[in-house]
Amino acid sequence: MQKISALLHRFPRWFAIGAGALSAYGFAPWGLWPLTLACFALLIHLIAHAQNTKRAFAIGWLFGVGHFTFGNQWIAVAFTFQAAMPIWLGYIAVVGLALYLAVYPALAASGAYWLRGFSTKIVGQSRADEGGVAEASGKKLPLILAFAGLWILTEWLRSWVFTGYVWNPLAVGFVSHWFDLWLPTIGTYGVGGLMILVSGAMALLGSRRWKSGFVLAAIVGVAIVSSAKIYVTEPSLSARTAITVVQPNISQADKYAPGYDALNFAKLAMHSRPLPAQAPRLILWPEAAIPDYLEDGYPYRYYYGQPGESAAGARARLTTLMADEDVLVTGANRLIFEKGALVAARNSVAMMDAYGRILGHYDKAHLVPYGEYLPLPWLLKPLGLARLVPGSLDFWPGPGARTMTVTVDGKPVKIGMQICYEMIFSGQTVDRKNRPDFIFNPSNDAWFGTIGPPQHLAQARLRAIEEGLPVIRSTPTGISAIIDADGRILQSLPLGTDGRIDAFLPRAKAPTLFAQFGNIIPLALAGVLVLLTLLPLAHRRA
C-alpha cells in the first residue's frame, strides 16, 4: 500500500490521465460504472495532495483529457463520412475537443482545492503553504463537498458555453442503478454531484479515514434510498395513442448516394403501411428521413425529381402509406430564401395528416457545430475545413423547445419535439408552459459508429426520468426505442436492422420537481455543497 501511495505522489499526472481514460468506460456501451466511481475517488485523492492550486488545475485537466478523449471517441467515425477528412483527422479532432472540455473538470478541481484552503483558514485551522503540502492538505471532506458542488456547476456551464457540448454527463453512467431515483428531483447535473460524493466516500475510506468515510457513505446511502419518497407520481390516466416507430436501416453512406432515393423510400414505406384492423396512429420517422420538400412556394427547380415535381406530389406519395386519421411525423428539411436567393436551411420535422395537409413544423434549435453549420467560416473555409456531412449550405436554428398538437383518432396528442443532438441538454428539452404528452426524438445516429448510438439512447433515458415523460426515438440505423416515463426501454430496434415498432404511447407522469423548476434545483444544491465547506464540522478529523 505504501508503494502504491509513493507512486501516486511521484507520478500524479500520469495517474490522473490514466484514471480519466478508464473513467469513461462507465458509460454505454461498456457500463463499468464501479470503475468510474473508483477513478473519481483516485482523482479526489490526487487533488487533495496537490502542492498548490495550479497543480490541482493540471491534475483535473489531465484527468479530463483522458475522460473526454475516450468518452467521445465515436466522433472520429463521423469524419469518415466526409471524403476530404480521413479517420486519423477524426482522432485528432477528438483529442482537440478533449483539450478544451478538460478545462471544466480542471476548474472544478482547482476551485475545490482553493476553497478547501480558504475554508480551513476561515475556521481557524492551519492552511497549506502554496510551496508544499502542509497538514491541511489531508483534509478531504471539505474538498469533496466543494468538488461535488463545483462539478455540478461546471457540467451546467459545459451545457451552454460556446453553444454547449454536454455529451456524457457523469450521471448517464448510472442510469438504472438506483442513483437515478434522484433524477426527477435534482436532475442530471445534481446526480453527477451525488456521484462525486460517493467517490469521495471511497476516497476517505481508501485513506483510512473511517469515521468520515462511513458517515459520508451513510448520508449518501440514506439519500438514495429515501429519494423515492421525495417525489412519487403515478402515470396519467389519459387514453393512449397507437404509434408506429420506423427504422429503415439506411446507412449514412447510402443516404445521399445518387439513385438511392427510391430504395430508401421503399424501406420507409415497407415498415409504415397500416396493419389489418390497426387503430389510427402516429407514424414516427427519423430525422431528415426524406429528401423531398413538403412546403409549397419554393422555386420550381428545387422540386425537380420529386414525385409530381411539386410539394403536393411529394405529400401525395406519403399519404399512400397512411390510413384515415393517421398522422405522419417525419424529418423533412426546409429552405430559407432572402430576396429570391437560397441562403440557409432548417433541420425540420413536419406533421402531416392522411389528406396531405401540413399540420405544423418544428425547427431544430440546438445545431451541431461542423455537422449542421461551420463556425467561423471566414477563418475555417480558407484552411480547407468543411462540415462533416455533404453540402455547403448551413442550417439556421429554430426558436427552441416547442409542443406541437395533432389529432389522432379524435384525441389531441401533444408532442414535445427534440431533434437528435438536442436531447442531451438537461432542462432544455420541454416547453414548460405547454407540457407535452411525450418527447419525440427523431435522430440520425448513422454516422455515430457503434459507440455513439447507445450513449445517445442513455441520455434520452435521462430526459424521460427528469421530466416524467415518455421518450420515443426513431433513427435510420438504430437504436430506435420506446422509453417510458421511468426511463425503462419498453421496446427497441437494435443497430443495423430495419423494422417497425407498433405499440401504444406510454403514459406521462405528473410534472416532476425538476420539470417544474429545471436547473435551478441542481444549481441550488451546488451552492449548498460549496457553503458546507465553510462549516467547522467538515474539518474535524476529515
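## Helix α6 and the strands around β3

Gly90, Val94, Ala98 and Leu101 are the buried residues of helix α6; buried means under 20% relative accessible area, exposed over 50%, and partly exposed in between, with a 1.4 Å probe and protein chains only. Viewed down the axis of α6, these buried residues fall within an arc of 80°, so they line one face of the helix. The arc is that of the directions from the helix axis to the C-beta atoms. An α-helix has 3.6 residues a turn, so residues three or four places apart point the same way.

This is a predicted model: local features need pLDDT of at least 70, side-chain atom pairs count only at pLDDT 80 or more, and totals for chains, interfaces and linings use all residues. Residues are numbered from 1 along each chain as its sequence is written, and side-chain values use heavy atoms, leaving out hydrogens and water.

α6 has 15 residues and spans 21 Å from its first C-alpha to its last, close to the 21 Å expected at 1.5 Å a residue. That expected span is 1.5 Å times one less than the number of residues. Helices (H or I, at least four residues) and strands (E, at least two) are DSSP runs, numbered from the N terminus.

Trp88 also sits in α6 (residues 87-101). Its relative accessibility is 54%, so Trp88 counts as exposed.

Now the strands. In β3 (residues 327-331), 5 of 5 residues are buried. Val327, Val329 and Gly331 lie on one side, Leu328 and Thr330 on the other. In a regular strand the side chains alternate between the two faces of the sheet.

Strands pair if DSSP finds at least two bridges between them. The pairings are tabulated here.

| Strands | Sense | Bridges | Residue pair |
|---|---|---|---|
| β2 (residues 281-284) and β3 | parallel | 3 bridges | Leu284 and Val329 |
| β3 and β6 (residues 348-353) | antiparallel | 5 bridges | Thr330 and Ala350 |
| β6 and β7 (residues 358-363) | antiparallel | 5 bridges | Ala350 and His361 |

Ala350 of β6 thus appears twice: it stands opposite Thr330 and opposite His361 in β7. β6 and β7 form a hairpin with 4 residues between them. In its turn, Gly356 has a positive phi of about 80°.

Last, a loop residue. Tyr421 lies between β9 (411-417) and β10 (438-442). Tyr421 is buried, at 7% relative accessible area. Tyr421 and His456 are 35 residues apart in sequence, yet 8.2 Å apart in space, C-alpha to C-alpha.
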